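Me: Got a minute to go through this model with me? I'd like to start with the charged pairs and then move on.

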Amino acid sequence: TATNYNWEGTAKDRNWAFGVAVEVPVMPRLMLKVSAMQYKTDGSVDFASQQAVTSPTYPVPISLYDDTKRTSLNVRAVFELDKKVSITGGYAHERFTFDDAGYEGYRNTIPAANRADSYLTGLYANPQYKANIIYGLVTYRF
């Protein structure tokens, strides 16, 4: 019927990744290492009815379906004290964004008409993050 019909969805996902790394000897015992990476996905879903539908709730395509972007940068310096010991110090930055129509306007409660609210956990509601890390380590070779 016009209010009850079968439908199908075609999911499409385009993605790409790019990365570059460079090692530059600054001094005979000091090496500077830099790397950068970026990943991006762009998804969409096209809904279609398997029969003619006159309902005003005809399914429409979703363009904001599982779009992600991840950018990372790593800069580190490695200093060789001698043949057995080296010291590394560095900085890493990473940012991840996630857009999906299924999570727009996410709320932890779904109010019901009789006030018997449903409570959601919030799991996967906000997966985006930004991280800045400063690190150091000492390497000893046997």
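Me: What does Glu-80 form a salt bridge with?
Reply: Glu-80 pairs with Arg-141, and the closest N and O atoms are 3.4 Å apart. A salt bridge here is a side-chain nitrogen of Lys or Arg within 4 Å of a carboxyl oxygen of Asp or Glu.

Me: Where do Glu-80 and Arg-141 lie?
Reply: Glu-80 is in strand E3, while Arg-141 is in the segment after strand E7 (129–140), so the pair ties together parts 61 residues apart in sequence. Strands (E, at least two residues) and helices (H or I, at least four) are DSSP runs, numbered from the N terminus.

Me: Before I go on, what kind of model is it?
Reply: It's a predicted model, where local features need pLDDT of at least 70, side-chain atom pairs count only at pLDDT 80 or more, and totals for chains, interfaces and linings use all residues. Residues are numbered from 1 along each chain as its sequence is written, and side-chain values use heavy atoms, with hydrogens and water left out.

Me: OK. Is Glu-80 buried, partly exposed or exposed?
Reply: Partly exposed, at 26% relative accessibility. Arg-141 also counts as partly exposed, at 35%. The cut-offs are under 20% relative accessible area for buried and over 50% for exposed, with partly exposed in between (1.4 Å probe, protein chains only).

Me: How many salt bridges does the structure hold?
Reply: Three. One of them joins Glu-94 and Arg-70, with the closest N and O atoms 3.4 Å apart. That pair links distant parts of the chain, Glu-94 in strand E4 (residues 85–99) and Arg-70 in strand E3, 24 residues apart. Glu-94 is buried at 19%, and Arg-70 is partly exposed at 28%.

Me: And which residue does Glu-23 meet in a salt bridge?
Reply: Lys-33, at 4.0 Å, N to O. Glu-23 lies in strand E1 (residues 7–27) and Lys-33 in strand E2 (residues 30–49), so this pair ties together parts 10 residues apart in sequence. Glu-23 is exposed at 52%, whereas Lys-33 is partly exposed at 21%.

Me: Switching to Asp-67: what is its nearest side chain of opposite charge?
Reply: Lys-40, but it is 8.1 Å away, and Asp-67 is buried yet has no salt bridge. For charge, Lys and Arg count as positive and Asp and Glu as negative; His and the chain ends are not counted.

Me: So what lies 2.7 Å from a polar atom of the Asp-67 side chain?
Reply: The backbone nitrogen of Gly-43. Asp-67 lies in strand E3 (residues 67–80). Leaving out residues up to four places away in sequence, Asp-67 touches Thr-41, Asp-42, Gly-43, Thr-97, Phe-98 and Asp-99. Contact means heavy atoms within 4.5 Å.

Me: Next door, what does the side chain of Thr-68 make a polar contact with?
Reply: The side chain of Thr-41, at 2.5 Å. A polar contact is a pair of N or O atoms within 3.5 Å; within protein, one must be able to donate a hydrogen and the other to accept it, and residues adjacent in sequence count only if both atoms are side-chain atoms. Thr-68 is buried, with a relative accessible area of 17%.

Me: Zooming out, how many helices and strands are there?
Reply: Zero helices and seven strands. Of the 142 residues, 16% count as buried. Among contacts between residues at least 6 apart in sequence, 64% join residues at least 24 apart.
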